[in-house]
Amino acid sequence: AMEAFFDGSEEKITRVYETEKQIDFLSHELTDYLVKINQLQLPVVDAKRIGGLFHVVSDIERIGDHAENIADFAVKCREENLDFTKKGAKEIKEMHQKTTVILEKAMEMFVTLDEKNLPDILELENDIDHMERQLHQNHVRRMAKGKCSPMSGIIFTDIVTGLERVADHATNIAFSILDKDPEERAAAHN
């Protein structure tokens, strides 16, 4: 979606929409299946894991929604010939890179059931939260100087907010394998 946003490729935009349809279909099918499994008498540990899987399916579906939103922005930018300042584009690319890393680390943690990525994920989550606030401030300064159009500004802030939410969903996916939230765990050790 981010590639489609920056290069305006109709083929990439179409691929995002097709992938989002597949994600929605799979989300529905997996949720139906998990509901059926959850109706069985399962050991507590398995029932808890099924509960976590419900949330992971939802988080992945929401990440797909954010990708679709970015594809929509790519279409709007192409149709209205909108562009971004070099600084604004660079900021989005940097935030996207961090968001991609946290998502990869979270998915690895989920698939392997190994907590080794947790410190990196927590640090990236904090960095991305801070980055969102900073990029919004930078954007307001650019707008005040008349360096970008109002519509480009709206899209910029929506993308930054969407990337931060993707990072939140990634963190949720990583946390799904834990017995407790890491903050609860840290408080218990103090």
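In this predicted model, pLDDT stays under 50 over residues 185-190, a stretch with five contacts beyond four places in sequence. The protein chain as a whole has a mean pLDDT of 91, and 94% of its residues reach 70 or more. The points below cover confidence, the two largest pockets, the one cavity of 30 Å³ or more, the cysteines C77 and C148, and residue A71.

**Confidence**

- Helix α7, residues 182-189, has the lowest confidence in the protein chain, at a mean of 47.
- At the other end of the range stands α4, where confidence is highest, at 96.

**Largest pocket**

- The volume of the largest pocket is about 640 Å³.
- Two or more lining residues come from each of α1 (2-7), α2 (10-38), α3 (44-80), α4 (86-112) and α6 (150-175).
- Its lining consists of 25 residues, and those nearest the centre are A1, I63, A67, H96 and L103.
- Helix α3 supplies the largest share of this lining, with seven residues.
- Sorted by class, the lining of the largest pocket comprises 13 nonpolar, seven polar and five charged residues.

**Second largest pocket**

- The second largest pocket has a volume of about 240 Å³.
- Residues lining the second largest pocket include V45, D46, K48, R49 and G52.
- L113 and E115 are also part of that lining, as are S176, I177, L178 and D179.
- The class count for the second largest pocket is four nonpolar, two polar and five charged residues.

**Cavity**

- The structure holds one cavity of 30 Å³ or more, and the largest cavity has a volume of about 50 Å³.
- The residues lining the largest cavity are F84, T85, G88, H139, R142, C148, S152, G153 and F156.
- Both α5 (118-144) and α6 supply at least two residues of the cavity lining.
- The largest contribution to the cavity lining is that of α6, with three residues.
- By class, the cavity lining has three nonpolar residues, five polar residues and one charged residue.

**Cysteines**

- The number of disulfides in the structure is zero.
- A disulfide requires two cysteine sulfur atoms within 2.5 Å.
- The cysteine sulfur closest to that of C77 belongs to C148, and at 11 Å it is too far for a bond.
- The reverse also holds: for C148, the closest cysteine sulfur is in C77, 11 Å away and too far for a bond.
- C77 counts as buried because its relative accessibility is 8%, the limit for that class being under 20%.
- C148 has 16% relative accessibility and therefore also counts as buried.
- In addition, C148 is among the residues lining the largest cavity.

**Residue A71**

- A71 is located in helix α3, the helix that gives seven residues to the lining of the largest pocket.
- With a relative accessible area of 0%, A71 is buried.
- Leaving out residues up to four places away in sequence, A71 touches I13, V16 and Y17.
- A71 and A47 are 24 residues apart along the chain, and 37 Å separates their C-alpha atoms.

Note on methods:
Residues are numbered from 1 along each chain as its sequence is written. This is a predicted model: local features need pLDDT of at least 70, side-chain atom pairs count only at pLDDT 80 or more; totals for chains, interfaces and linings use all residues. Side-chain values use heavy atoms; hydrogens and water are left out. On a 1 Å grid over the protein atoms alone, a cavity is a set of points where a 1.4 Å probe fits but cannot get out, and a pocket is an open set with protein on both sides within 12 Å along at least five of seven lines; lining residues have an atom within 4 Å of a point. Grid points are joined across faces, edges and corners, and a volume is the space filled by probe spheres set on the points. Helices (H or I, at least four residues) and strands (E, at least two) are DSSP runs, numbered from the N terminus. Ala, Val, Leu, Ile, Met, Phe, Trp, Tyr, Cys and Pro count as nonpolar, Asp, Glu, Lys and Arg as charged, and the others, Gly among them, as polar. pLDDT is the predictor's confidence in each residue, from 0 to 100. Contact means heavy atoms within 4.5 Å. Buried means under 20% relative accessible area, exposed over 50%, partly exposed in between (1.4 Å probe, protein chains only).
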